[in-house]
Amino acid sequence: MAERNPVNDTLWNSEDAPDPMNLGLLGWVLVILRGVPLALLVFGGLIILLAIRLFELPLFGVRRPITPFIAQFVSRNAFRILGMGFRTSGELMQQRGAVVANHTSWLDIFALNARKRVYFVSKAEVAKWPGIGWLARATGTVFIERDRKKAKEQTKVFETRLKAGHKLLFFPEGTSTDGLRVLPFKTTLFAAFFAEELRDFMFVQPVSVIFHAPEGQPERFYGWWGDMEFGPHLLKTLGARRQGSVELIYHSPAKVSDFENRKALAAHCEEAVRHAHSLARVS
């Protein structure tokens with residue numbers, strides 16, 4: 001099983017079993033026609049990124065003035081290869097801070113990187129995974145440990161990255177879903193934002209991620225949840241005869257110091273994400 005939960009061990013499960021995958025001959029042809037260019041794009045981009053990082057790291061340290069544009073280029077063109085529509089609305093946050101979004105599947109990584117240069121926050125174990133771990137480290141993912149003794153150390157890492165202008169991205173639901181709902185935001189993730197080193201300058205921008213299924217397919221077509229394996233889900237996405245689209249809605253950034261505590265900030269962000277998500281699902 002490919003794990004998709006970046007910061008929590010709890011997996012969300014639907015009451016209904018996942019939809020069966022029926023590719024057919026045309027579907028397998030599309031898997032090849034889309035899969036080969038997508039693999040070349042992702043791994044070719046990774047090789048270029050690593051080569052540039054050899055010079056970027058000693059010259060700029062934690063700052064990454066060049067390589068994030070490569071991740072953004074790869075993400076934008078991934079949707080072109082897949083044939084998926086991609087649209088966004090709302091203004092990008094200019095202040096220093098974090099981005100929080102609902103979580104549907106691995107496609108969120110491409111979607112959220114496509115318009116805004118962000119750095120994902122993931123649990124430390126991901127760094128050791130073959131393939132995915134290497135990709136995560138190369139693109140500047142921030143790895144955190146679920147150990148209270150490391151809380152101060154991790155807050156310092158956040159401070160360094162945020163002051164360098166990095167936008168850190170969190171999935172406060174703690175797991176992925178079928179894309180038809182927004183789960184309650186876990187407030188623990190917001191605690192670090194209220195540290196003395198961060199609170200006064202930090203903003204948080206909520207983002208609603210909405211997937212629209214291909215015509216004739218179940219609305220949860222792009223959802224990836226529970227113990228669903230990565231391989232079959234990837235094949236289903238590549239082999240879709242018609243593709244749907246993904247929509248990002250950027251909401252007004254919230255200044256951390258305007259909120260009394262992490263619960264109030266988490267509730268504000270959750271409401272913004274949930275409201276826009278609900279409206280977009282019925283439109």
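Here are some numbered notes to help you find your way around this predicted model.

1. Let's start with the overall make-up. The protein contains seven helices and eight strands. Its C-alpha trace spans about 60 × 45 × 35 Å along the principal axes. A compact globule of 283 residues would have a radius of gyration near 19 Å, and the value for this protein, 19 Å, agrees with that.

2. Next, the inside and the outside. Of the 283 residues, 52% are buried. The accessible surface amounts to about 13900 Å², and carbon and sulfur atoms account for 58% of it. As for charge, the protein carries 36 positive and 27 negative charges, and the mean positions of these two sets lie 6 Å apart.

3. How do distant parts of the chain meet? Take the contacts between residues at least 6 apart in sequence: 78% of them join residues at least 24 apart. Keep this in mind as you follow the individual residues below.

4. Now to the cores. The largest nonpolar core has 36 residues, and those with the most contacts inside it are Met84, Leu107, Phe110, Leu112, Val207 and Val209. Both helices and strands contribute: helix H1 (24-60), helix H2 (67-82), helix H3 (107-115), strand E2 (97-101), strand E6 (203-212) and strand E7 (245-250) each supply at least two residues of this core. There is also a second, separate core of 28 residues, which includes Val121, Ala192, Phe193 and Phe201.

5. Phe110 is a good residue to click on in the largest core. Setting aside neighbours within four places in sequence, Phe110 is in contact with Val42, Val74, Ser75, Ala78 and Phe79. One of these partners, Ser75, deserves its own look. Is Ser75 buried or exposed? Its relative accessibility is 4%, and buried means under 20%, so Ser75 counts as buried. Ser75 sits in helix H2. Beyond its neighbours within four places in sequence, Ser75 is in contact with Ile109, Phe110, Asn113 and Ala114.

6. For a contrast, turn to Arg241, in the loop between helix H6 (230-238) and E7. Arg241 has a relative accessible area of 60%, so it is exposed, the cut-off being over 50%. Exposed does not mean without partners here: not counting residues up to four places away in sequence, Arg241 touches Leu23, Leu26, Leu30 and Arg34. Val142 is another matter, since the C-alpha atoms of Arg241 and Val142 are separated by 36 Å, with their places 99 residues apart along the chain.

7. Loops can hold buried residues as well. Pro214 is found in the loop between E6 and H6, and with a relative accessible area of 2% Pro214 is buried. Which residues does Pro214 contact, leaving aside its neighbours within four places in sequence? They are Phe221, Tyr222, Arg242, Gln243 and Gly244. Thr10, 204 residues away from Pro214 along the chain, has its C-alpha atom 29 Å from that of Pro214.

8. Finally, visit Ser257, in the loop between strand E8 (254-255) and helix H7 (262-282). Ser257 has a relative accessible area of 27%, so it counts as partly exposed. Try finding Arg199 from here: Ser257 and Arg199 are 58 residues apart in sequence, and their C-alpha atoms are 5.6 Å apart in space.

Conventions:
Residues are numbered from 1 along each chain as its sequence is written. This is a predicted model: local features need pLDDT of at least 70, side-chain atom pairs count only at pLDDT 80 or more; totals for chains, interfaces and linings use all residues. Side-chain values use heavy atoms; hydrogens and water are left out. Helices (H or I, at least four residues) and strands (E, at least two) are DSSP runs, numbered from the N terminus. The radius of gyration is taken over C-alpha atoms; the globule rule is 2.2 Å times the number of residues to the power 0.38. Buried means under 20% relative accessible area, exposed over 50%, partly exposed in between (1.4 Å probe, protein chains only). Contact means heavy atoms within 4.5 Å. Accessible areas come from the Shrake-Rupley method with a 1.4 Å probe; for residues, only the protein chains shown count as cover. Lys and Arg count as positive and Asp and Glu as negative; His and the chain ends are not counted. The place of a charge is taken as NZ of Lys, CZ of Arg, CG of Asp or CD of Glu. A nonpolar core is a set of buried Ala, Val, Leu, Ile, Met, Phe, Trp, Tyr and Cys residues joined through side-chain atoms within 4.5 Å.
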